[in-house]
Amino acid sequence: DGCGHTVLGPESGTLASINYPQTSPNSTVCEWEIRVKPGQRVQLKFGDFDIDDSDSCHSSYLRVHNGIGPTRTEIGKYCGFDFQMDGLIISRSNEVTVQFMSGTHISGRGFLAAYSTTDKSDLITCLDNASHFSEPEFNKYCPAGCVIPFADISGTIPHGYRDSSSLCMAGVHAGVVSNTLGGQINVVISKGIPYYEGSLANNVTSKVGPLSTSLFTFKTSGCYGTLGMESGVIPDSQITASSILEWSDQTGQVNIWKPENARLKRAGPPWAAFISDEHQWLQIDLNKEKRITGIITTGSTLAEYYYYVSAYRILYSDDGQKWTVYREPGVDKDKIFQGNTELYQEVRNNFIPPIIARFFRINPLKWHQKIAMKVELLGCQFSIGRAPKITMPPPPQNKNDGKNDDFSDDFIHSVKTSLQTDKTTFTPEIKNTTVTPSVTKDVALAAVLVPVLVMVFTTLILILVCAWHWRNRKKKAEGTYDLPYWDRAGWWKGMKQFLPTKSAEHEETPVRYSSSEISHLRPREVPTMLQTESAEYAQPLVGGIVGTLHQRSTFKPEEGKEASYADLDPYNSPIQEVYHAYAEPLPITGPEYATPIIMDMSSHPSTPLGVPSISTFKAAGNQAPPVVGTYNKLLSRTDSTSSAQVLYDTPKGQPGPGAAEEMVYQVPQSVAHSTGSKDE
């Protein structure tokens, strides 16, 4: 009468003393006999051990034996408060006997232990949680029987479980391992979340949990996508039932709760059976064999109709004629699945191992008021894939042919069973399946090649964009139409004559004076007229008589010899329009040369008779100018009886007036120069 929570599986299990984790009663005893497959050994691990040792393990203790029965041999006898068992207790054979004796005592929780075969080197107990491990990812083996009433979990899939939750119990809730069989879990630790939801799944209730520093999730095969009830991939014609509830309400409207209404999360009424008994069923045709890993159910979801199914069986078939009731491996009775406890909550149950079938039936066994439910199936596409070719060994040559036939039939049946339960790695064909298949070599290769190709194409695009921008900037620097550097400014100045001017005050017009205009100016007006706005042009290239041209023209001089200043006197000629064309434009920073001016000095009253007209331009004739590269003086009389000497400035970039041989034309500037008072 001292046995507590006990689940003894074929490869693993869990056992605890009575009333654990509370104080065990006095004078109780329990004995467990554990057997695993022949050729294997048993390992025992304690999750908690607290047995009174006041009488030195005389009346209260735990004893472990090799073997079962009178031939068993003792491995060890243990007692003590909060006793820490170092390592595992390993048997010498495939059989172990565990004996718990509780004498007279005041305190002591008793014990909880797990066992497995020795090939499970990473065995943990049902009491271990994520906070006991520091690795961000690890694999552990959970024993069978970890759905225990004294352990709590918070959270659900896919969001994760609170770090204080029992790893193995959460694994059962998530559908990763079976409570009857146990199994391997792959745990991933990540940052916690502020709130953990609660849910009911696989007969485990997850509670709502508060904020935690970390959480854990499980890595799985990924075959947990929806198979098409909610999305409509499964058509109405493939959903049938044993009976349909049809009735008229108070208004006389006929209500029919048809099988196609049994789609999870669909608004409206559910499917309901006309008669509520254990012979009713809801059937789903998947059109071909699928790997079915779970089912989600709800009640009617209508507040005025409080109907739901609280327990059911699952049947499956390949042809819709011969049906098999789902059972867990090693269990000789049908598995009864826990259904809903109210009409709204979604309840999930997983199939471990999964069901491979085309036709799927739900057989309600318990319900509230009426049989009514909505359903969704979980799973993925099933394919045998690269199944090994079955080679039958030749039967032994003996007279017992009947035994050979039995052997062959058993062998084929075992091979078929193994092919149906093996894991497959494929991409589900169901459109709404939200699962990630197991990664194969091809997927891994694609995962490497795709980012590399994306990076290469991105780099090429960036190079082309940069080259295009660089080319545009170069074009900007050299001119809009990509003219050579030495020709771009002249081209622009030539084009400006065809463009409309912005305003009259900014117009730049070549300054031209005729002899008659100069003669009519008063002495004080002459300097004013001479101080015109600086020209933007360099040295004049042609002078004399030219045809009427548009302003701002930049013609080059005609080919031929240069004319002398003395060859042509424009002031003695008939009045003609004199136009001076200019060569290359000057930079924006400022003009190098002044505005060309033609003055009729001979007509000035103060000018000596022998002084000829002076021009700063080359003459139109063939004679060279008499003076080149020297400072020329321009004297003019004013009414102030003082004379000024006009000098020519030095072009920009030249060393100064001293380098006379490098100077050609200068800008006339008035510089104060005291000369003797001439005839006043």
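Okay, let's start with one residue, E95: it has a relative accessibility of 25%, so it counts as partly exposed. Before I go on, keep in mind that what we have here is a predicted model.

So, what does E95 pair up with? It forms a salt bridge with R35, and the closest N and O atoms are 3.4 Å apart. R35 is partly exposed too, at 47% relative accessible area. Now look at where these two residues sit. R35 is in strand β3, residues 28-35, while E95 is in strand β8, residues 95-102, so this pair ties together parts that are 60 residues apart in sequence.

Next pair: D48 and R109. Their side chains meet in a salt bridge, at 2.9 Å from N to O. D48 belongs to strand β4, residues 42-50, and R109 is placed in the loop between β8 and β9, so here the bridge ties together parts that are 61 residues apart in sequence. Is D48 buried or exposed? Its relative accessible area is 15%, and the cut-off for buried is under 20%, so D48 is buried. R109 has 26%, so that one counts as partly exposed.

One more pair, further along the chain numbering. R327 and D334 form a salt bridge, with 2.8 Å between the closest N and O atoms. R327 is partly exposed at 42% relative accessibility, and D334 is partly exposed at 23%. Salt bridges can also share partners: that is how E11, K37, D119 and K120 get joined into one network. And how many salt bridges does the structure hold? The count is 17.

Okay, let's switch to a sheet. Find the open one with five strands, in the order β10-β13-β16-β12-β11, paired antiparallel. Which strands stand at the edges? Those are β10, residues 137-142, and β11, residues 155-156; each has a single partner strand, so one side of each is left without a neighbour in the sheet.

Let's zoom in on β11. Two bridges join β11 to β12, which covers residues 160-162, and the two strands run antiparallel. If you want one of those to find on screen, go to G155: its bridge partner in β12 is Y161.

Last stop, the helix. Helix α1, residues 167-174, lies across β10, β11, β12, β13 and β16. Its direction makes an angle of about 50° with β16, which is residues 214-218.

That's my tour, thanks for listening!

Key: Residues numbered from 1 in each chain as written. Predicted model: local features only at pLDDT ≥ 70, side-chain atom pairs only at ≥ 80, totals over all residues. Heavy atoms only, no water. Salt bridge = Lys/Arg side-chain N within 4 Å of Asp/Glu carboxyl O. Helix = DSSP H or I, 4+ residues; strand = E, 2+ residues; numbered from the N terminus. Buried < 20%, exposed > 50% of the residue type's maximum accessible area, 1.4 Å probe, protein only. Pairing = 2+ DSSP bridges. Contact = heavy atoms within 4.5 Å. Axes fitted to C-alpha atoms, helices over the stretch in contact; angles between N-to-C directions.
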